[in-house]
Amino acid sequence: RIEHLTAVLRDSEANSLRLSEQAKVLKEEIRRLERNQEREKNVANLEYLKNVVLKFLRSRGSEQEHLIPVLKTLLKLSPDECKLVGSIVEPDVIPEAQESSKWTSYIHKWTG
């Protein structure tokens with residue numbers, strides 16, 4: 001009798017673990033489908049989205065970082081997708097040729 005109850009308990013625990021895993025997978029699938037529905041609703045904003053994506057691609061550093069929340073909202077990005085977008089942000093680097101063409105490079109000529 002004890003062996004039978006032990007086997008039933010083991011089966012119940014295995015079944016519980018399997019159901020917990022299924023619930024986790026199904027919840028993530030529901031979240032993914034909800035994000036897809038939101039994306040479909042926002043198709044009207046496609047021109048705006050296009051402009052934001054193009055600006056993100058042309059920008060660097062802090063300007064890209066400022067656009068990440070906009071992309072997150074427009075595209076309904078998951079937390080993992082936000083991390084991925086954040087990981088491709090390029091640092092603010094100004095080549096010396098461009099830096100010397102800025103108006104601030106002339107200040108030292110005026111002062112001294």
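**Exercise 1.** In this predicted model, determine in which helix Val-53 lies and whether Val-53 counts as buried, partly exposed or exposed.

*Solution.* Step 1: Val-53 belongs to helix H2. Step 2: the relative accessibility of Val-53 is 30%. Step 3: buried requires under 20% and exposed requires over 50%, so Val-53 counts as partly exposed. Step 4: together with Leu-54 and Leu-57, Val-53 makes a nonpolar surface patch of about 240 Å².

**Exercise 2.** Describe the length and the bend of helix H3, then state which of its residues are buried and what covers them.

*Solution.* Step 1: H3 runs over residues 62-75, which is 14 residues. Step 2: from first C-alpha to last, H3 reaches 20 Å, close to the 20 Å expected at 1.5 Å a residue. Step 3: at Ile-68 the helix bends by about 30°, and Pro-69 follows within four residues. Step 4: Ile-68 is also one of the buried residues of H3, alongside Gln-64, Leu-67, Leu-71 and Leu-74. Step 5: the cover over these buried residues includes helix H2 (46-58) and helix H4 (79-87).

**Exercise 3.** Establish whether Arg-35 counts as buried or exposed, and identify the residues that Arg-35 touches.

*Solution.* Step 1: Arg-35 is located in helix H1, residues 2-41. Step 2: its relative accessibility is 16%. Step 3: the cut-off for buried is under 20%, and therefore Arg-35 counts as buried. Step 4: leaving aside residues up to four places away in sequence, Arg-35 touches Glu-28, Lys-76, Leu-77, Ser-78 and Glu-81. Step 5: of these, Lys-76 comes just after H3 and takes a positive phi of about 55°.

Notes:
Residues are numbered from 1 along each chain as its sequence is written. This is a predicted model: local features need pLDDT of at least 70, side-chain atom pairs count only at pLDDT 80 or more; totals for chains, interfaces and linings use all residues. Side-chain values use heavy atoms; hydrogens and water are left out. Helices (H or I, at least four residues) and strands (E, at least two) are DSSP runs, numbered from the N terminus. The expected span of a helix is 1.5 Å times one less than its number of residues. The bend at a residue is the angle between axes fitted to the seven residues ending there and the seven starting there. Buried means under 20% relative accessible area, exposed over 50%, partly exposed in between (1.4 Å probe, protein chains only). Contact means heavy atoms within 4.5 Å. Patches are made of residues with over 30% relative accessible area and no salt bridge: like charges are joined within 9 Å, nonpolar side chains (Val, Leu, Ile, Met, Phe, Trp, Tyr) within 5 Å. Accessible areas come from the Shrake-Rupley method with a 1.4 Å probe; for residues, only the protein chains shown count as cover. A salt bridge is a side-chain nitrogen of Lys or Arg within 4 Å of a carboxyl oxygen of Asp or Glu.
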